[in-house]
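This report looks at a few residues and their surroundings, moving from one strand to another and then to an annotation taken from a record.

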Amino acid sequence: MALIVQKFGGTSVGTVERIEQVAEKVKKFREAGDDIVVVVSAMSGETNRLIDLAKQIMPQPNPRELDVMVSTGEQVTIAMLAMALTKRGVPAVSFTGGQVRILTDSAFTKARIVSIDEHRIRAELKAGRVVVVAGFQGVDEQGNITTLGRGGSDTTGVALAAALKADECQIYTDVDGVYTTDPRVVPHARRLEKITFEEMLEMASLGSKVLQIRSVEFAGKYNVPLRVLHSFKEGPGTLITLDDEESMEQPIISGIAFNRDEAKLTIRGVPDTPGVAFKILGPISAANIEVDMIVQNVSHDNTTDFTFTVHRNDYQNALEILKQTAATIGAREATGDTKIAKVSIVGVGMRSHAGVASQMFEALAKESINIQMISTSEIKVSVVIEEKYLELAVRALHTAFELDAPARVSE
């Protein structure tokens, strides 16, 4: 008998009919003899509806009160799912984050989990009940309701699985697993049977939207086997687990991630003196703007050109700051470009194979795609290119690294 934590997102519980379907799925696992803890999100669109309501009262709602308000979304779905299970003869009980004592810090709207008291859940499981827990929420030391920020239900699921030492944490979503790349860009992308936490973290941080980064970090830290599955289609999904010997025999590259939400900023003719990088990036950091890739070129005249990327939402703000910095430090000009994209190849196999980067560059060169910036780590290579070449680049790299699924023979 296994202990399984299952997490269903907003689209999976978006209607009464879908909640009934989820109950049917949970019932099958229960009938197989497994102990089940289910974590659910609010019905799709509900959290946004509640936030919009709050903003009609205050344009910048009080964070504590906002958490009290938006946490009600999950309270509805846990009760409905518990009812749907009970109706099917499956004993079930629903709990809010506070009732199972998911203790968080006091950072309202983006709290982090500190600890979980799993005793109440264990007692209910022992009594033969399915336990349905509200995702995305907890309580702080003072008993205030807190929420965990975007994608917080994934984090709740993984954290509960870690606390309960579950055999598996299953994340049910609208895709049937993790793919080598987005199938909407490359129709013959393959579903991966298995991927390491490390690779999944890179894929998530580089643009893959399947899983929330914090949940993958949590799973890796506590070694919780994660499986991504489709809510309403049968299939094995993708298992996310620790690196092992088998992975040494896997392909060098596991997947290709991409991100359109990038913008590039350049400051030219900067006096090349010690501390110049801090003078440029310090004010950007002070404005709470995250910098991603950085390239610095030194010219013969002892000046430097300094280029970096930021999220496109931060572009206008960052450009204004950079122009002020240019005037302050005597640089020639500050310019920007929003028509760029980042493409990354990811795979633990890179550690033991040379020439992966040059193979990537060759594939892009064959398509006459110019590389503007390069960034590498142990298991990834990222490049910045013109946005208009993004899909061509992803397809070319997918083929170059032999990730394409074999053509299906029609029956």
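In this predicted model, the side chains of Glu168 and Gln170 make a polar contact of 3.2 Å. Glu168 is placed in strand β9, and with a relative accessible area of 15% it is buried, because anything under 20% counts as such. Leaving aside residues up to four places away in sequence, Glu168 touches Leu3, Ile4, Val5, Pro225, Arg227 and Leu239.

Strand β1 offers two further residues to follow, beginning with Lys7, which has its place in that strand. Lys7 is buried, its relative accessible area being 8%, and its side chain is joined to that of Asp154 by a polar contact of 2.8 Å. When residues up to four places away in sequence are not counted, the residues that Lys7 touches are Val39, Ser41, Ser153, Asp154, Gln170, Ile171 and Tyr172. Gln170 thus appears among the contacts of Lys7 and also as the polar partner of Glu168.

Phe8 likewise lies in strand β1, and its relative accessible area of 0% makes it buried. With the same sequence neighbours left out, Phe8 touches Val13, Val22, Lys25, Val26, Val38, Val39, Val40, Ser41, Tyr172 and Ser231.

The accessible areas of these three residues can be set side by side.

| Residue | Strand | Relative accessible area |
|---|---|---|
| Lys7 | β1 | 8% |
| Phe8 | β1 | 0% |
| Glu168 | β9 | 15% |

How many aromatic pairs does a search of the whole structure find? The search finds 3. One of them is formed by Phe8 and Tyr172, whose rings are stacked, with 4.5 Å from centre to centre and 10° between the planes. Because Phe8 belongs to strand β1 (residues 3-8) and Tyr172 to strand β9 (residues 168-173), the pair ties together parts that are 164 residues apart in sequence. Both Phe8 and Tyr172 are buried.

Lys7 and Phe8 also figure in a record: an unreviewed UniProt entry carries the annotation "binding site", which covers Lys7, Phe8, Gly9, Gly10, Thr173, Asp174, Tyr179, Arg184, Lys209 and Val210. These annotated positions are spread over 204 residues of sequence, and they are spread in space as well, with up to 24.8 Å between C-alpha atoms.

Conventions. Residues numbered from 1 in each chain as written. Predicted model: local features only at pLDDT ≥ 70, side-chain atom pairs only at ≥ 80, totals over all residues. Heavy atoms only, no water. Phe/Tyr/Trp six-rings, centres within 6.5 Å; stacked < 30°, edge-to-face > 60°. Helix = DSSP H or I, 4+ residues; strand = E, 2+ residues; numbered from the N terminus. Buried < 20%, exposed > 50% of the residue type's maximum accessible area, 1.4 Å probe, protein only. UniProt positions renumbered as here; feature names shortened; annotations may be inferred. Contact = heavy atoms within 4.5 Å. Polar contact = N/O pair within 3.5 Å; in protein donor to acceptor, adjacent residues only side chain to side chain.
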